Amino acid sequence: MNNDINRNEHVPSNKISSPLIKQLEQNGHKNVNITNNQGGTVNLNFNDSHSIGHEVEDLMAIQTFSKVYYQLLVTDVLVGGSAIIPANRSLLTNMVPSEIFSSCSELSDSGIEKLKTIPAIICQKNTEYYGKTSPSQSAWYCRITDVVIEKSIIRVLFHPLGAFEQNKLGYQQNASFFGINIDCMLTDLNLPGWYVHKINIFNAFDKAGISGMPQP
């Protein structure tokens, strides 16, 4: 598969920031502050008059979320409300079910629309090995709002619906609930990638004891 294709879409004017940038601010109604702490961990602090997940668009999206699939996006670059994933690590045949590969991996308009209906977990790469990371690192339960292809990378725009401690994904039993491979030193959470797993994320949240995530 070749994700290095061109689409006639508006590309956001803000340039991709280096992981070494210490702070980035996005001003507006939904203010996002990204601070790069030592070790490369990025925390997203949302200053909004509404709590996460309570907006009408979010509630409507949640009600139509797939209960068959969920997306896992692991990145080393978060810019505002977008995650940057290398095109050669996105939706590959060994990273998604065959039916998702055939319908979504070329990122056609219809493929992107389908991906918007699949709930997502977005997180920074783990800072340690065997499924472990910094205790201060958060994983975000999100809805995908758009996808922009930019040469060798893909910018995935998202809106967060909830957050939880990322280490919970690396617990041996929890990892199995989410279909995450942590058997080796370098796990799925150590490498940038865009996966789709044939797993009901809401059942996985319940089994893993991750509460407060809005469900249909």
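Let me start with a word on burial: a residue is buried under 20% relative accessible area, exposed over 50%, and partly exposed in between, using a 1.4 Å probe and protein chains only. By that rule K151, at 68% relative accessibility, counts as exposed.

Hello everyone, and thanks for coming. What we have here is a predicted model, where local features need pLDDT of at least 70, side-chain atom pairs count only at pLDDT 80 or more, and totals for chains, interfaces and linings use all residues. Residues are numbered from 1 along each chain as its sequence is written, and side-chain values use heavy atoms, with hydrogens and water left out.

First, the overview. The chain has 6 helices and 10 strands; these are DSSP runs numbered from the N terminus, helices being H or I with at least four residues and strands E with at least two. Of the 216 residues, 49% are buried. If we take contacts, meaning heavy atoms within 4.5 Å, with a separation of 6 or more, then 68% of them are between residues 24 or more positions apart. The exposed area is about 10,500 Å², and carbon and sulfur atoms supply 51% of it; areas come from the Shrake-Rupley method with a 1.4 Å probe, and for residues only the protein chains shown count as cover.

Now to strand β7, please. How many of its 5 residues are buried? The count is 5 of the 5, so β7 is largely enclosed by the rest of the structure. Its two faces are both covered, with A120, I122 and Q124 on one side and I121 and C123 on the other. Strands pair if DSSP finds at least two bridges between them. Strand β4, residues 70-75, runs parallel to β7 and is joined to it by 5 bridges, with T75 opposite Q124. With β8 the pairing of β7 is antiparallel, over 4 bridges, and there I122 stands opposite W140.

Strand β8 takes us to the aromatic rings. Rings of Phe, Tyr and Trp (its six-membered ring) pair if their centres lie within 6.5 Å; planes under 30 degrees apart are stacked, over 60 edge-to-face, and the rest tilted. The whole structure gives 5 aromatic pairs. Take Y141 and F205: their ring centres are 5.3 Å apart and their planes at 80 degrees, so this pair is edge-to-face. It links distant parts of the chain, as Y141 is in strand β8 (residues 138-150) and F205 in helix α6 (residues 201-208), 64 residues apart. F205 also pairs with F178, with centres 5.8 Å apart and planes at 65 degrees, so that pair is edge-to-face too. Here the link is between helix α5 (residues 172-178), which holds F178, and helix α6, which holds F205, 27 residues apart. F178 counts as buried at 0% relative accessibility, and F205 is buried with a relative accessible area of 0%. Through ring pairs, F65, Y70, Y141, F164, F178 and F205 form a cluster.

Finally, two backbone curiosities. L107 is not a glycine, yet has a positive phi of about 55 degrees; you will find L107 in the loop between α2 (98-104) and α3 (109-115). K151, which we met at the start, is not a glycine either and has a positive phi of about 55 degrees, in the loop between β8 and β9 (153-165). Is L107 buried or exposed? L107 counts as buried, at 1% relative accessibility.

Thank you, and I am happy to take questions.
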